[in-house]
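Please walk through the fold of this protein with me, from its surface and overall dimensions to its cores and then to single residues whose surroundings or backbone angles deserve attention.

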Amino acid sequence: MASRSPSSSSSSPKTPSMAKRLLEDDLNLARRLRIHSNREAVFVKFTPFAVALAAGNLSLDSFRHFIAQGKNFLKAFAQACESAANDTDDEYAECELWELRKMVLKDMKKHDSFMQEWGLDVTKDVTPDSVTANCTEFLLAVASGKVDEAKGVVRLTTPFEKTIAAIYTVGTLTPCVQLYPFLAAELRMLLGLREDSHPYKKWIKMYTSDSHQELAVKTEELLEKLSVTLTGDEIDVLYNLYHQTMILEIDFFNCQPFAQPTVVPVIKGLSSAEDRLMFLSDFDLTCTVHDSSAILAETALATAPKSDCSQSGSDCSPSQSPLVRMSSGDLRNMWEEISNKYTKEYEECIESIIPAEKVEFDHSLLVQALEQVADFEKRANSRVIESGVLKGLKLEDIVKAGESLILQDGCISFYQKLTKINVDVNVHMLSYCWCGDLIRSSLSSVGFDHSNVHANELIFNEGLLCTGEMVRKVESPIEKLQIYNRIMKDHADKRNKLTVYVGDCVGDILCLLEADIGIVIGSSESLRRVGSRFGVTFVPLFAATVRKQKEVTDGGSPNWKGARSGVVYTVSCWGEIHAFLLGW
(Lines give C-alpha, C1' and ligand atoms only; values in the text may rest on other atoms or scores of the structure.)
Protein backbone atom coordinates (compact mmCIF):
# COMPACT_ATOMS: atom_id res chain seq x y z
CA MET A 1 0.00 0.00 0.00
CA ALA A 2 1.28 3.48 -0.80
CA SER A 3 2.31 5.59 2.15
CA ARG A 4 1.83 8.86 0.29
CA SER A 5 -0.37 10.43 -2.36
CA PRO A 6 -0.29 8.53 -5.68
CA SER A 7 0.33 11.79 -7.48
CA SER A 8 3.79 11.98 -5.87
CA SER A 9 5.04 9.33 -8.27
CA SER A 10 6.04 9.86 -11.85
CA SER A 11 6.40 7.51 -14.76
CA SER A 12 9.79 6.93 -16.25
CA PRO A 13 10.76 9.69 -18.68
CA LYS A 14 13.34 9.32 -21.38
CA THR A 15 16.70 9.03 -19.64
CA PRO A 16 18.43 12.44 -19.78
CA SER A 17 22.03 12.75 -20.89
CA MET A 18 24.69 12.59 -18.20
CA ALA A 19 25.48 16.24 -18.95
CA LYS A 20 21.91 17.26 -18.15
CA ARG A 21 21.87 15.25 -14.92
CA LEU A 22 25.23 16.66 -13.81
CA LEU A 23 24.22 20.22 -14.57
CA GLU A 24 20.97 19.87 -12.63
CA ASP A 25 22.79 19.05 -9.38
CA ASP A 26 23.51 22.02 -7.13
CA LEU A 27 27.19 21.19 -6.50
CA ASN A 28 30.45 21.89 -8.29
CA LEU A 29 31.18 19.60 -11.23
CA ALA A 30 33.91 17.56 -9.51
CA ARG A 31 31.65 16.71 -6.60
CA ARG A 32 28.78 15.91 -8.93
CA LEU A 33 31.04 13.54 -10.83
CA ARG A 34 32.07 11.90 -7.56
CA ILE A 35 28.45 11.40 -6.49
CA HIS A 36 27.52 9.91 -9.86
CA SER A 37 30.46 7.50 -9.53
CA ASN A 38 29.69 6.54 -5.94
CA ARG A 39 28.93 2.97 -7.05
CA GLU A 40 32.49 2.52 -8.32
CA ALA A 41 33.91 3.95 -5.06
CA VAL A 42 31.84 1.40 -3.15
CA PHE A 43 33.32 -1.43 -5.22
CA VAL A 44 36.81 -0.20 -4.29
CA LYS A 45 35.83 -0.14 -0.61
CA PHE A 46 34.62 -3.76 -0.69
CA THR A 47 37.69 -5.20 -2.45
CA PRO A 48 39.56 -7.84 -0.38
CA PHE A 49 42.54 -5.49 -0.23
CA ALA A 50 40.58 -2.50 1.13
CA VAL A 51 38.67 -4.65 3.63
CA ALA A 52 41.90 -6.17 4.96
CA LEU A 53 43.46 -2.70 5.08
CA ALA A 54 40.49 -1.49 7.14
CA ALA A 55 40.70 -4.54 9.39
CA GLY A 56 44.38 -3.78 10.03
CA ASN A 57 45.51 -7.28 9.07
CA LEU A 58 46.65 -6.63 5.51
CA SER A 59 50.02 -8.29 5.00
CA LEU A 60 53.00 -5.97 5.17
CA ASP A 61 54.24 -7.07 1.74
CA SER A 62 50.89 -6.21 0.16
CA PHE A 63 50.86 -2.79 1.79
CA ARG A 64 54.42 -2.02 0.70
CA HIS A 65 53.62 -3.01 -2.88
CA PHE A 66 50.55 -0.77 -2.77
CA ILE A 67 52.34 2.38 -1.60
CA ALA A 68 55.27 1.74 -3.94
CA GLN A 69 52.89 1.63 -6.90
CA GLY A 70 51.38 4.85 -5.60
CA LYS A 71 54.59 6.65 -6.50
CA ASN A 72 54.03 5.73 -10.14
CA PHE A 73 50.59 7.34 -9.97
CA LEU A 74 52.06 10.58 -8.64
CA LYS A 75 54.72 10.59 -11.38
CA ALA A 76 52.07 10.15 -14.06
CA PHE A 77 49.97 12.88 -12.42
CA ALA A 78 52.86 15.34 -12.64
CA GLN A 79 53.68 14.32 -16.23
CA ALA A 80 50.01 14.72 -17.26
CA CYS A 81 49.91 18.24 -15.80
CA GLU A 82 53.13 19.14 -17.62
CA SER A 83 51.95 17.73 -20.95
CA ALA A 84 48.58 19.46 -20.78
CA ALA A 85 50.15 22.78 -19.68
CA ASN A 86 52.60 22.71 -22.59
CA ASP A 87 49.86 22.02 -25.15
CA THR A 88 47.07 24.38 -24.11
CA ASP A 89 46.82 27.90 -25.55
CA ASP A 90 44.71 29.09 -22.59
CA GLU A 91 47.02 31.13 -20.36
CA TYR A 92 44.92 30.66 -17.25
CA ALA A 93 44.75 26.88 -17.73
CA GLU A 94 48.49 26.73 -18.41
CA CYS A 95 49.34 28.68 -15.25
CA GLU A 96 47.00 26.61 -13.07
CA LEU A 97 48.27 23.31 -14.46
CA TRP A 98 51.86 24.27 -13.65
CA GLU A 99 50.71 25.21 -10.13
CA LEU A 100 48.94 21.87 -9.81
CA ARG A 101 52.12 20.10 -10.90
CA LYS A 102 54.08 21.86 -8.14
CA MET A 103 51.61 20.58 -5.56
CA VAL A 104 51.94 17.04 -6.94
CA LEU A 105 55.76 17.20 -6.75
CA LYS A 106 55.42 18.37 -3.14
CA ASP A 107 53.19 15.38 -2.42
CA MET A 108 55.72 13.08 -4.08
CA LYS A 109 58.35 14.16 -1.54
CA LYS A 110 55.94 13.38 1.30
CA HIS A 111 55.19 10.05 -0.30
CA ASP A 112 58.92 9.25 -0.53
CA SER A 113 59.29 9.94 3.18
CA PHE A 114 56.31 7.72 3.89
CA MET A 115 57.77 4.91 1.78
CA GLN A 116 61.05 5.15 3.70
CA GLU A 117 59.18 4.76 6.98
CA TRP A 118 57.95 1.43 5.67
CA GLY A 119 61.42 0.23 4.69
CA LEU A 120 61.30 0.96 0.96
CA ASP A 121 64.26 2.31 -1.01
CA VAL A 122 63.07 5.49 -2.72
CA THR A 123 66.30 5.85 -4.73
CA LYS A 124 65.25 2.94 -6.92
CA ASP A 125 62.54 3.24 -9.54
CA VAL A 126 59.55 1.03 -8.91
CA THR A 127 58.47 -0.91 -11.98
CA PRO A 128 54.74 -0.38 -12.56
CA ASP A 129 52.76 -3.59 -12.47
CA SER A 130 50.29 -4.18 -15.30
CA VAL A 131 47.25 -2.59 -13.64
CA THR A 132 49.25 0.45 -12.54
CA ALA A 133 50.56 0.79 -16.10
CA ASN A 134 47.00 0.66 -17.44
CA CYS A 135 46.05 3.57 -15.16
CA THR A 136 49.10 5.74 -15.83
CA GLU A 137 49.06 5.14 -19.58
CA PHE A 138 45.43 6.18 -19.70
CA LEU A 139 46.15 9.43 -17.81
CA LEU A 140 49.04 10.29 -20.10
CA ALA A 141 47.09 9.42 -23.25
CA VAL A 142 44.31 11.85 -22.30
CA ALA A 143 46.89 14.53 -21.45
CA SER A 144 48.42 14.12 -24.93
CA GLY A 145 45.03 14.68 -26.56
CA LYS A 146 44.12 11.05 -27.23
CA VAL A 147 40.51 10.81 -26.07
CA ASP A 148 38.07 7.91 -26.24
CA GLU A 149 34.78 9.50 -27.31
CA ALA A 150 31.50 7.84 -28.23
CA LYS A 151 32.50 7.84 -31.90
CA GLY A 152 35.83 6.16 -31.11
CA VAL A 153 39.34 7.18 -30.11
CA VAL A 154 40.16 10.62 -31.47
CA ARG A 155 43.26 12.81 -31.20
CA LEU A 156 42.75 16.44 -30.30
CA THR A 157 45.38 18.40 -32.24
CA THR A 158 44.28 21.98 -32.95
CA PRO A 159 45.06 24.70 -30.35
CA PHE A 160 41.39 24.90 -29.37
CA GLU A 161 41.10 21.11 -29.12
CA LYS A 162 44.24 20.96 -26.96
CA THR A 163 42.64 23.38 -24.52
CA ILE A 164 39.65 21.03 -24.33
CA ALA A 165 42.15 18.18 -23.81
CA ALA A 166 43.62 20.08 -20.85
CA ILE A 167 40.15 20.19 -19.25
CA TYR A 168 39.69 16.48 -19.94
CA THR A 169 43.08 15.87 -18.30
CA VAL A 170 42.01 17.62 -15.10
CA GLY A 171 38.74 15.65 -15.16
CA THR A 172 40.67 12.39 -15.54
CA LEU A 173 43.00 13.27 -12.67
CA THR A 174 40.15 14.29 -10.36
CA PRO A 175 39.00 10.78 -9.30
CA CYS A 176 42.61 9.91 -8.43
CA VAL A 177 42.81 12.70 -5.85
CA GLN A 178 39.26 12.05 -4.57
CA LEU A 179 39.31 8.27 -4.12
CA TYR A 180 42.09 7.84 -1.58
CA PRO A 181 40.83 10.55 0.82
CA PHE A 182 37.36 8.99 0.49
CA LEU A 183 38.67 5.54 1.39
CA ALA A 184 40.84 6.86 4.23
CA ALA A 185 37.88 8.86 5.61
CA GLU A 186 35.69 5.74 5.52
CA LEU A 187 38.35 3.83 7.48
CA ARG A 188 38.86 6.66 9.96
CA MET A 189 35.13 6.92 10.64
CA LEU A 190 34.95 3.15 11.07
CA LEU A 191 37.85 3.03 13.53
CA GLY A 192 36.82 5.98 15.67
CA LEU A 193 38.69 6.01 18.96
CA ARG A 194 40.65 2.88 18.00
CA GLU A 195 42.48 4.66 15.18
CA ASP A 196 45.75 5.11 17.10
CA SER A 197 46.12 1.34 17.52
CA HIS A 198 45.64 0.62 13.81
CA PRO A 199 48.87 -0.62 12.14
CA TYR A 200 48.23 1.52 9.05
CA LYS A 201 47.08 4.63 10.92
CA LYS A 202 49.73 6.81 9.26
CA TRP A 203 48.33 6.05 5.80
CA ILE A 204 44.84 6.93 7.05
CA LYS A 205 46.04 10.17 8.64
CA MET A 206 48.10 11.11 5.59
CA TYR A 207 45.13 10.91 3.20
CA THR A 208 42.71 12.64 5.58
CA SER A 209 45.17 15.44 6.42
CA ASP A 210 44.54 19.06 5.41
CA SER A 211 47.69 19.11 3.30
CA HIS A 212 46.52 16.21 1.15
CA GLN A 213 43.00 17.61 0.96
CA GLU A 214 44.58 20.75 -0.50
CA LEU A 215 45.55 18.86 -3.67
CA ALA A 216 42.02 17.47 -4.05
CA VAL A 217 40.42 20.88 -3.51
CA LYS A 218 42.79 22.55 -5.98
CA THR A 219 42.05 19.94 -8.65
CA GLU A 220 38.29 20.19 -8.10
CA GLU A 221 38.33 23.99 -8.21
CA LEU A 222 40.37 23.99 -11.41
CA LEU A 223 37.97 21.56 -13.06
CA GLU A 224 35.02 23.75 -12.05
CA LYS A 225 36.57 26.90 -13.53
CA LEU A 226 37.78 25.32 -16.76
CA SER A 227 34.63 23.31 -17.47
CA VAL A 228 32.28 26.33 -17.74
CA THR A 229 33.05 26.54 -21.48
CA LEU A 230 32.22 22.91 -22.20
CA THR A 231 29.19 21.93 -24.24
CA GLY A 232 26.78 19.21 -23.13
CA ASP A 233 28.48 16.67 -25.42
CA GLU A 234 31.90 17.60 -24.01
CA ILE A 235 30.65 17.16 -20.45
CA ASP A 236 29.41 13.71 -21.46
CA VAL A 237 32.94 12.91 -22.70
CA LEU A 238 34.36 14.26 -19.43
CA TYR A 239 32.03 12.04 -17.42
CA ASN A 240 33.05 8.99 -19.46
CA LEU A 241 36.74 9.75 -18.86
CA TYR A 242 36.11 10.15 -15.13
CA HIS A 243 34.18 6.89 -15.11
CA GLN A 244 36.90 5.03 -17.03
CA THR A 245 39.45 6.20 -14.46
CA MET A 246 37.27 4.83 -11.65
CA ILE A 247 37.01 1.46 -13.43
CA LEU A 248 40.80 1.37 -13.70
CA GLU A 249 41.04 2.15 -9.97
CA ILE A 250 38.76 -0.80 -9.19
CA ASP A 251 41.02 -3.04 -11.28
CA PHE A 252 44.06 -1.64 -9.47
CA PHE A 253 42.68 -2.49 -6.02
CA ASN A 254 41.35 -5.87 -7.13
CA CYS A 255 44.71 -6.88 -8.59
CA GLN A 256 46.89 -5.99 -5.62
CA PRO A 257 48.98 -8.96 -4.39
CA PHE A 258 46.75 -10.65 -1.83
CA ALA A 259 47.57 -14.06 -0.37
CA GLN A 260 45.45 -14.28 2.77
CA PRO A 261 41.91 -15.43 3.68
CA THR A 262 39.17 -12.99 2.73
CA VAL A 263 35.45 -12.69 3.44
CA VAL A 264 34.58 -10.79 0.26
CA PRO A 265 33.07 -11.32 -2.13
CA VAL A 266 30.84 -13.78 -0.29
CA ILE A 267 30.33 -16.06 -3.31
CA LYS A 268 34.03 -16.93 -3.28
CA GLY A 269 33.37 -18.86 -0.10
CA LEU A 270 30.64 -20.95 -1.75
CA SER A 271 31.21 -24.18 -3.62
CA SER A 272 29.51 -24.59 -6.99
CA ALA A 273 28.94 -28.27 -6.25
CA GLU A 274 27.82 -28.27 -2.63
CA ASP A 275 26.38 -24.85 -1.79
CA ARG A 276 23.32 -22.86 -2.74
CA LEU A 277 22.77 -19.13 -2.41
CA MET A 278 19.16 -18.34 -1.55
CA PHE A 279 18.56 -14.69 -2.39
CA LEU A 280 15.23 -13.17 -1.41
CA SER A 281 14.12 -9.57 -1.66
CA ASP A 282 11.26 -7.20 -1.11
CA PHE A 283 10.17 -5.16 -4.16
CA ASP A 284 8.54 -1.83 -3.27
CA LEU A 285 11.16 0.81 -2.37
CA THR A 286 13.74 -1.97 -2.07
CA CYS A 287 14.04 -2.51 -5.81
CA THR A 288 11.91 0.43 -6.90
CA VAL A 289 12.20 4.19 -6.52
CA HIS A 290 8.41 4.59 -6.11
CA ASP A 291 5.90 2.42 -4.26
CA SER A 292 4.05 0.14 -6.69
CA SER A 293 0.66 1.18 -5.32
CA ALA A 294 1.47 4.74 -6.41
CA ILE A 295 2.40 3.41 -9.87
CA LEU A 296 -0.90 1.53 -10.15
CA ALA A 297 -2.76 4.64 -8.98
CA GLU A 298 -1.02 6.73 -11.60
CA THR A 299 -1.82 4.16 -14.29
CA ALA A 300 -5.47 4.14 -13.24
CA LEU A 301 -5.62 7.95 -13.32
CA ALA A 302 -3.89 8.16 -16.70
CA THR A 303 -6.37 5.76 -18.30
CA ALA A 304 -9.53 6.86 -16.47
CA PRO A 305 -12.38 8.47 -18.47
CA LYS A 306 -12.96 12.16 -17.96
CA SER A 307 -16.52 11.28 -17.03
CA ASP A 308 -18.12 8.04 -15.80
CA CYS A 309 -17.99 5.56 -18.68
CA SER A 310 -18.11 1.81 -19.23
CA GLN A 311 -14.93 0.05 -20.31
CA SER A 312 -16.85 -2.27 -22.61
CA GLY A 313 -17.91 0.19 -25.28
CA SER A 314 -19.37 3.59 -25.98
CA ASP A 315 -22.53 2.90 -23.98
CA CYS A 316 -21.95 4.56 -20.61
CA SER A 317 -24.90 2.88 -18.91
CA PRO A 318 -23.78 0.98 -15.77
CA SER A 319 -26.30 -1.74 -16.64
CA GLN A 320 -24.26 -2.59 -19.73
CA SER A 321 -21.07 -3.53 -17.83
CA PRO A 322 -20.00 -4.38 -14.27
CA LEU A 323 -16.68 -2.58 -14.92
CA VAL A 324 -17.87 0.99 -14.98
CA ARG A 325 -14.95 3.23 -13.97
CA MET A 326 -15.00 6.41 -11.97
CA SER A 327 -14.22 9.66 -13.70
CA SER A 328 -10.62 10.80 -13.39
CA GLY A 329 -11.60 13.53 -10.94
CA ASP A 330 -13.54 11.17 -8.65
CA LEU A 331 -10.78 8.58 -8.95
CA ARG A 332 -8.09 11.07 -7.91
CA ASN A 333 -10.13 12.15 -4.90
CA MET A 334 -10.69 8.53 -3.89
CA TRP A 335 -6.97 7.69 -4.23
CA GLU A 336 -6.01 10.69 -2.11
CA GLU A 337 -8.54 9.73 0.55
CA ILE A 338 -7.26 6.13 0.64
CA SER A 339 -3.61 7.20 0.70
CA ASN A 340 -4.07 9.84 3.41
CA LYS A 341 -6.06 7.44 5.58
CA TYR A 342 -3.43 4.73 5.12
CA THR A 343 -0.59 7.05 6.12
CA LYS A 344 -2.41 8.31 9.22
CA GLU A 345 -3.50 4.86 10.41
CA TYR A 346 -0.10 3.31 9.65
CA GLU A 347 1.66 5.83 11.86
CA GLU A 348 -0.89 5.21 14.61
CA CYS A 349 -0.43 1.43 14.26
CA ILE A 350 3.37 1.66 14.47
CA GLU A 351 3.13 3.95 17.49
CA SER A 352 0.81 1.49 19.23
CA ILE A 353 3.15 -1.50 18.96
CA ILE A 354 6.37 0.21 20.06
CA PRO A 355 7.31 -0.61 23.67
CA ALA A 356 7.62 2.36 26.02
CA GLU A 357 11.19 1.26 26.75
CA LYS A 358 13.74 -0.68 24.73
CA VAL A 359 13.61 -4.43 25.37
CA GLU A 360 16.07 -7.28 24.86
CA PHE A 361 15.71 -8.95 21.50
CA ASP A 362 12.86 -11.46 21.66
CA HIS A 363 11.68 -12.89 18.36
CA SER A 364 8.33 -14.16 19.66
CA LEU A 365 7.56 -10.80 21.28
CA LEU A 366 8.23 -9.04 17.98
CA VAL A 367 6.02 -11.48 16.06
CA GLN A 368 3.21 -10.88 18.54
CA ALA A 369 3.45 -7.12 18.07
CA LEU A 370 3.53 -7.40 14.28
CA GLU A 371 0.23 -9.28 14.28
CA GLN A 372 -1.36 -5.85 14.82
CA VAL A 373 0.41 -4.60 11.70
CA ALA A 374 -0.96 -7.62 9.83
CA ASP A 375 -4.52 -6.75 10.85
CA PHE A 376 -4.01 -3.14 9.77
CA GLU A 377 -2.57 -4.04 6.34
CA LYS A 378 -5.46 -6.43 5.63
CA ARG A 379 -8.03 -3.76 6.53
CA ALA A 380 -6.24 -1.29 4.24
CA ASN A 381 -6.32 -3.73 1.32
CA SER A 382 -10.02 -4.42 1.91
CA ARG A 383 -10.63 -0.68 1.69
CA VAL A 384 -8.86 -0.55 -1.69
CA ILE A 385 -10.89 -3.45 -3.08
CA GLU A 386 -14.21 -2.08 -1.82
CA SER A 387 -13.48 1.36 -3.29
CA GLY A 388 -13.25 -0.02 -6.83
CA VAL A 389 -10.25 2.18 -7.71
CA LEU A 390 -8.52 -0.68 -9.53
CA LYS A 391 -11.61 -1.72 -11.48
CA GLY A 392 -11.22 -1.55 -15.25
CA LEU A 393 -7.43 -1.36 -15.36
CA LYS A 394 -6.06 -3.06 -18.47
CA LEU A 395 -3.46 -5.76 -17.99
CA GLU A 396 -1.48 -4.37 -20.94
CA ASP A 397 -1.31 -0.95 -19.26
CA ILE A 398 -0.01 -2.53 -16.06
CA VAL A 399 2.63 -4.46 -18.00
CA LYS A 400 3.73 -1.26 -19.76
CA ALA A 401 3.93 0.53 -16.41
CA GLY A 402 6.09 -2.29 -15.07
CA GLU A 403 8.43 -2.20 -18.08
CA SER A 404 9.01 1.54 -17.57
CA LEU A 405 9.19 1.35 -13.77
CA ILE A 406 12.18 3.21 -12.34
CA LEU A 407 14.30 0.82 -10.31
CA GLN A 408 16.95 1.66 -7.73
CA ASP A 409 20.36 2.40 -9.19
CA GLY A 410 22.36 -0.81 -9.48
CA CYS A 411 19.41 -3.15 -8.88
CA ILE A 412 19.14 -4.53 -12.42
CA SER A 413 22.91 -4.89 -12.86
CA PHE A 414 23.03 -6.85 -9.60
CA TYR A 415 20.37 -9.31 -10.75
CA GLN A 416 22.01 -9.63 -14.16
CA LYS A 417 25.33 -10.55 -12.52
CA LEU A 418 23.58 -12.87 -10.06
CA THR A 419 22.26 -15.03 -12.90
CA LYS A 420 25.77 -15.50 -14.32
CA ILE A 421 27.79 -16.59 -11.28
CA ASN A 422 29.16 -20.12 -11.05
CA VAL A 423 27.14 -20.96 -7.93
CA ASP A 424 23.72 -22.55 -7.51
CA VAL A 425 21.42 -19.54 -6.95
CA ASN A 426 17.72 -19.46 -6.19
CA VAL A 427 16.08 -16.03 -6.34
CA HIS A 428 12.68 -15.00 -4.95
CA MET A 429 10.72 -11.76 -4.68
CA LEU A 430 8.36 -11.33 -1.69
CA SER A 431 6.08 -8.30 -1.91
CA TYR A 432 2.90 -6.65 -0.65
CA CYS A 433 2.43 -5.37 -4.22
CA TRP A 434 -1.18 -5.69 -5.36
CA CYS A 435 -0.17 -6.99 -8.77
CA GLY A 436 2.47 -9.65 -9.40
CA ASP A 437 2.30 -8.86 -13.14
CA LEU A 438 3.76 -5.42 -12.42
CA ILE A 439 6.77 -7.03 -10.73
CA ARG A 440 7.27 -9.65 -13.40
CA SER A 441 7.22 -7.09 -16.22
CA SER A 442 9.65 -4.79 -14.41
CA LEU A 443 12.18 -7.64 -14.08
CA SER A 444 11.73 -9.09 -17.56
CA SER A 445 15.19 -7.92 -18.65
CA VAL A 446 16.93 -10.21 -16.14
CA GLY A 447 15.02 -13.38 -16.94
CA PHE A 448 13.45 -13.58 -13.49
CA ASP A 449 11.57 -16.85 -12.89
CA HIS A 450 7.90 -15.76 -12.84
CA SER A 451 6.95 -18.52 -10.41
CA ASN A 452 9.34 -17.04 -7.84
CA VAL A 453 7.39 -13.80 -7.55
CA HIS A 454 5.31 -14.04 -4.39
CA ALA A 455 2.81 -11.18 -4.34
CA ASN A 456 -0.89 -10.42 -4.46
CA GLU A 457 -2.54 -10.84 -7.86
CA LEU A 458 -5.21 -8.67 -9.45
CA ILE A 459 -8.10 -10.61 -10.98
CA PHE A 460 -8.84 -9.96 -14.67
CA ASN A 461 -11.89 -10.88 -16.76
CA GLU A 462 -11.81 -12.46 -20.21
CA GLY A 463 -11.12 -9.07 -21.75
CA LEU A 464 -8.06 -8.69 -19.49
CA LEU A 465 -9.69 -5.87 -17.53
CA CYS A 466 -9.24 -5.83 -13.76
CA THR A 467 -12.43 -6.66 -11.88
CA GLY A 468 -11.23 -4.64 -8.90
CA GLU A 469 -10.71 -7.81 -6.87
CA MET A 470 -7.39 -9.43 -5.98
CA VAL A 471 -6.05 -12.77 -4.80
CA ARG A 472 -4.62 -11.80 -1.43
CA LYS A 473 -1.43 -13.77 -0.81
CA VAL A 474 1.04 -11.42 0.90
CA GLU A 475 -0.40 -8.78 3.20
CA SER A 476 1.70 -8.76 6.34
CA PRO A 477 5.13 -9.38 7.90
CA ILE A 478 3.71 -12.66 9.24
CA GLU A 479 2.69 -13.89 5.79
CA LYS A 480 6.03 -12.87 4.33
CA LEU A 481 7.76 -14.98 6.97
CA GLN A 482 5.45 -17.93 6.26
CA ILE A 483 6.31 -17.74 2.54
CA TYR A 484 10.01 -17.41 3.39
CA ASN A 485 9.85 -20.55 5.56
CA ARG A 486 7.94 -22.46 2.89
CA ILE A 487 10.63 -21.59 0.32
CA MET A 488 13.34 -22.80 2.70
CA LYS A 489 11.45 -26.04 3.28
CA ASP A 490 11.12 -26.60 -0.48
CA HIS A 491 14.92 -26.30 -0.79
CA ALA A 492 15.82 -28.43 2.21
CA ASP A 493 17.66 -30.84 -0.12
CA LYS A 494 20.72 -28.59 -0.20
CA ARG A 495 22.78 -29.07 2.96
CA ASN A 496 24.79 -25.90 2.68
CA LYS A 497 22.46 -22.98 2.07
CA LEU A 498 23.37 -19.34 2.59
CA THR A 499 20.26 -17.20 2.81
CA VAL A 500 20.25 -13.47 2.09
CA TYR A 501 17.20 -11.25 2.43
CA VAL A 502 17.06 -7.59 1.34
CA GLY A 503 14.26 -5.31 2.50
CA ASP A 504 13.48 -1.76 3.49
CA CYS A 505 10.49 -1.62 5.85
CA VAL A 506 8.69 -3.01 8.88
CA GLY A 507 7.01 -5.58 6.63
CA ASP A 508 10.42 -7.15 5.98
CA ILE A 509 11.77 -7.26 9.52
CA LEU A 510 10.91 -10.89 10.29
CA CYS A 511 12.46 -12.14 7.05
CA LEU A 512 15.51 -9.94 7.62
CA LEU A 513 16.00 -11.56 11.01
CA GLU A 514 15.33 -15.09 9.71
CA ALA A 515 18.00 -14.91 6.99
CA ASP A 516 21.66 -15.68 7.55
CA ILE A 517 22.36 -12.19 6.20
CA GLY A 518 19.53 -9.68 6.48
CA ILE A 519 20.28 -6.44 4.63
CA VAL A 520 18.29 -3.24 5.09
CA ILE A 521 18.50 -0.84 2.15
CA GLY A 522 17.53 2.78 2.64
CA SER A 523 16.64 4.59 5.83
CA SER A 524 13.09 3.72 6.87
CA GLU A 525 12.45 5.53 10.13
CA SER A 526 9.60 3.23 11.16
CA LEU A 527 11.72 0.10 10.59
CA ARG A 528 14.54 1.44 12.73
CA ARG A 529 12.17 2.64 15.46
CA VAL A 530 10.37 -0.69 15.70
CA GLY A 531 13.53 -2.75 15.39
CA SER A 532 15.55 -0.74 17.90
CA ARG A 533 12.81 -0.81 20.53
CA PHE A 534 12.51 -4.59 20.14
CA GLY A 535 16.25 -5.09 20.59
CA VAL A 536 17.26 -5.44 16.94
CA THR A 537 20.77 -4.16 16.21
CA PHE A 538 21.46 -2.31 12.94
CA VAL A 539 25.08 -2.59 11.79
CA PRO A 540 26.53 -0.97 8.65
CA LEU A 541 27.43 -3.78 6.25
CA PHE A 542 30.96 -2.48 5.63
CA ALA A 543 31.66 -2.35 9.37
CA ALA A 544 30.37 -5.91 9.76
CA THR A 545 32.53 -7.06 6.83
CA VAL A 546 35.65 -5.53 8.37
CA ARG A 547 34.84 -7.15 11.72
CA LYS A 548 34.36 -10.53 10.04
CA GLN A 549 37.70 -10.09 8.24
CA LYS A 550 39.39 -9.59 11.62
CA GLU A 551 37.72 -12.73 13.00
CA VAL A 552 38.83 -14.84 10.04
CA THR A 553 42.42 -13.65 10.27
CA ASP A 554 42.38 -14.47 13.99
CA GLY A 555 41.28 -18.02 13.22
CA GLY A 556 37.53 -17.49 13.36
CA SER A 557 34.95 -18.90 11.00
CA PRO A 558 34.12 -17.13 7.72
CA ASN A 559 30.56 -18.39 8.16
CA TRP A 560 27.95 -15.63 7.95
CA LYS A 561 25.11 -17.77 9.29
CA GLY A 562 23.28 -15.74 11.90
CA ALA A 563 19.53 -16.40 11.69
CA ARG A 564 17.54 -14.81 14.53
CA SER A 565 20.67 -13.28 16.01
CA GLY A 566 18.87 -9.97 16.34
CA VAL A 567 21.38 -8.31 13.99
CA VAL A 568 20.65 -6.89 10.55
CA TYR A 569 23.02 -5.03 8.24
CA THR A 570 22.45 -1.66 6.62
CA VAL A 571 23.43 -0.31 3.20
CA SER A 572 22.66 2.86 1.29
CA CYS A 573 22.57 1.36 -2.21
CA TRP A 574 22.51 -1.82 -4.28
CA GLY A 575 26.15 -1.25 -5.16
CA GLU A 576 27.13 -2.26 -1.62
CA ILE A 577 25.10 -5.46 -1.87
CA HIS A 578 26.62 -6.24 -5.26
CA ALA A 579 30.19 -5.57 -4.11
CA PHE A 580 29.75 -7.54 -0.87
CA LEU A 581 28.11 -10.63 -2.35
CA LEU A 582 29.40 -10.82 -5.92
CA GLY A 583 32.40 -8.50 -6.21
CA TRP A 584 33.30 -6.67 -9.39
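The protein chain exposes about 25,000 Å², an area obtained by the Shrake-Rupley method with a 1.4 Å probe, where for residues only the protein chains shown count as cover. Carbon and sulfur atoms supply 49% of that exposed area. The model is a predicted one, in which local features need pLDDT of at least 70 and side-chain atom pairs count only at pLDDT 80 or more, whereas totals for chains, interfaces and linings use all residues. Residues are numbered from 1 along each chain as its sequence is written, and side-chain values use heavy atoms, with hydrogens and water left out.

As to charge, the protein chain carries 62 positive and 80 negative side chains, and the centres of the two sets are 4 Å apart. Lys and Arg count here as positive and Asp and Glu as negative, while His and the chain ends are not counted; each charge is placed at NZ of Lys, CZ of Arg, CG of Asp or CD of Glu.

The secondary structure of the chain amounts to 22 helices and eleven strands, these being DSSP runs numbered from the N terminus (helices H or I, at least four residues; strands E, at least two). The radius of gyration is 27 Å, close to the 25 Å that the globule rule gives for 584 residues, so the chain is as compact as a globular protein of that length; the radius is taken over C-alpha atoms, and the rule is 2.2 Å times the number of residues to the power 0.38. Along its principal axes, the C-alpha trace spans about 90 × 60 × 45 Å.

Of the 584 residues, 56% are buried, a term that means under 20% relative accessible area, with exposed meaning over 50% and partly exposed in between (1.4 Å probe, protein chains only). Contact means heavy atoms within 4.5 Å, and among contacts between residues at least 6 apart in sequence, 76% join residues at least 24 apart.

In soluble globular proteins, nonpolar side chains tend to be buried together. A nonpolar core is defined as a set of buried Ala, Val, Leu, Ile, Met, Phe, Trp, Tyr and Cys residues joined through side-chain atoms within 4.5 Å. The largest such core has 157 residues, of which Phe63, Trp203, Phe279, Leu390, Tyr415, Trp574 and Ile577 touch the most other members. Helix H8 (residues 159-191) contributes the largest share of this core, with 15 residues. A second, separate core of 40 residues includes Leu370, Val373, Tyr432 and Ile483.

Tyr415 illustrates the packing in the largest core: once neighbours within four places in sequence are set aside, this residue is in contact with Phe279, Ser281, Cys287, Val427, Met429, Val446, Phe448 and Trp574. Trp574 also belongs to helix H22 (residues 574-581), where eight of the eight residues are buried, so the helix is largely enclosed by the rest of the structure. Gly583 follows H22 and has a positive phi, near 75°.

Most residues other than glycine have a negative phi, and most peptide bonds are trans. Against that background, a cis peptide bond joins Val264 and Pro265, with omega about -10°, and Pro265 is found in the loop between helix H11 (232-254) and strand S3 (275-281). Leu285, in the loop between S3 and helix H12 (292-303), has a positive phi near 65° and is partly exposed at a relative accessible area of 27%. Leu464 likewise has a positive phi, about 60°; this residue lies in the loop between strand S6 (457-460) and strand S7 (466-471) and is partly exposed at 45%.

Three helical residues complete the tour. Thr136, in helix H7 (residues 130-143), is buried with a relative accessible area of 11% and, apart from neighbours within four places in sequence, contacts Asn72, Phe73 and Ala76. Glu224, in helix H10 (residues 210-226), is partly exposed at 29%, and with the same sequence neighbours left aside, Glu224 is in contact with Asn28 and Leu29. Arg31, in helix H2 (residues 29-36), is partly exposed at 37% relative accessibility and touches Gln178 and Glu220, not counting residues up to four places away in sequence.
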